[in-house]
Amino acid sequence: VTIRPVTTGLAISAPRLTIDLASPTLQLTAKCIPEDASQQVAWSTSNKRIATVDANGVVTALKAGTVTITADGSGRSAKITLTVGSAVGTLEIRGASAVAQGKTITLNAVITPATATNQKVIWSVDCGKDIATIDRHGRLKAGKGLTAPVTIKVTAVSAENSAITATRTVQILPPVTTVAISAPRNYIDVDGED
C-alpha cells in the first residue's frame, strides 16, 4: 500500500493561451502539489462546442470563442482560460498615398484571413512629430510648415505576431501657393489653323 501526502494545490501549465483553428490541438499538463501527492486528475471543459479535452489533457478546438478548461484532483482544482480562433496570416496597408500638409487621412490594415481573432495592429511612422503622426486607428495627420514634398514610411505590425508587418510610403505635400497656366500661344486662330 502506497500512502501519499494530501494534495495541497493543483496547477495547470500550457505552452500558450491561444489555439489556432488551423492547428487545433493543445497539450495541457496538470501538477498536483506536493510532487509526491497523487497526480491523477480529471479534465473538463466549460463549452464542448468550442473545445473538448481528453483524459490526457489534450484540448481540441472546434470553433472560435473562449473556453475554460478545469483539472480536478484529490479535492483540488485549477482552471485555465483559452482563446480559440484563427491566427493572423498576412497584413496589408491600404489607403491614400499622399496627403496635404495639415490634413488627415485614414489608412486601413487589412488582415487575412478575415476571420483572424486578433485584428489589432500597432502603427508607426519613420519621421518626427513635426512632419506626421499616426494614432492607433491608422489616422495619419500631416504636419505644417513644409516647403517641399516629404516622403515618409508608415508601418503596421500585428499585435498578435510582431513578425507580421506591412509598410506603405505616403507623400506629404506642401500647400499650393500659386497656379500657373501655360499655352503655346496667347491667341486662337478663328480659322482653326496654326
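1. In this predicted model, strand 17 and strand 18 form a hairpin, with six residues between the two strands. Strand 17 covers residues 150–158, and strand 18 covers residues 165–173. The two strands run antiparallel and are joined by eight bridges. Within this pairing, Ile 152 stands opposite Val 170 of strand 18.

2. The hairpin belongs to an open sheet of four strands, whose order is 11-18-17-14 and whose pairing is mixed. Its edges are strand 11 (98–100) and strand 14 (121–125), each of which pairs on one side only. On average, and with direction ignored, neighbouring strands of the sheet are turned by 30° against each other.

3. The pairing at each edge may be set out in turn. Strand 11 runs parallel to strand 18, and three bridges join them; Ala 100 has Leu 173 of strand 18 as its bridge partner. Strand 14, by contrast, pairs with strand 17 in the antiparallel sense over five bridges. Here the bridge partner of Val 121 is Ser 158 in strand 17.

4. A separate point concerns the largest pocket, which holds about 160 Å³ of space. Its lining consists of Arg 16, Thr 18, Ile 19, Asp 20, Thr 83, Val 84, Gly 85, Ser 86, Ala 87, Thr 117, Asn 118 and Glu 160. Strand 2 (18–20) and strand 9 (76–85) are the elements that give two or more residues to this lining.

5. What is the division of the lining of the largest pocket into nonpolar, polar and charged residues? Six of the lining residues are polar, three are nonpolar and three are charged. Arg 16, Asp 20 and Glu 160 are lining residues that count as charged.

6. Thr 45 deserves a separate comment. This residue lies in strand 5, which covers residues 42–45. Apart from neighbours within four places in sequence, Thr 45 is in contact with two stretches of the chain: Ala 51, Thr 52 and Val 53, and also Val 67, Thr 68 and Ile 69.

7. Which backbone atoms lie at polar-contact distance from the side chain of Thr 45? The side chain of Thr 45 reaches the backbone oxygen of Ala 51 at 3.0 Å. In addition, a polar atom of the Thr 45 side chain lies 3.3 Å from the backbone nitrogen of Asn 47. Ala 51 thus appears both in this polar pair and in the list of contacts of Thr 45.

8. As for Pro 15, its C-alpha atom is separated from that of Thr 45 by 18 Å, and the two residues are 30 residues apart along the chain.

Notes. Residues numbered from 1 in each chain as written. Predicted model: local features only at pLDDT ≥ 70, side-chain atom pairs only at ≥ 80, totals over all residues. Heavy atoms only, no water. Pairing = 2+ DSSP bridges. Axes fitted to C-alpha atoms, helices over the stretch in contact; angles between N-to-C directions. 1 Å grid on protein atoms, 1.4 Å probe; cavity = no way out; pocket = protein on both sides within 12 Å on 5 of 7 lines; lining within 4 Å. Points joined across faces, edges and corners; volume = space filled by probe spheres on them. Contact = heavy atoms within 4.5 Å. Polar contact = N/O pair within 3.5 Å; in protein donor to acceptor, adjacent residues only side chain to side chain.
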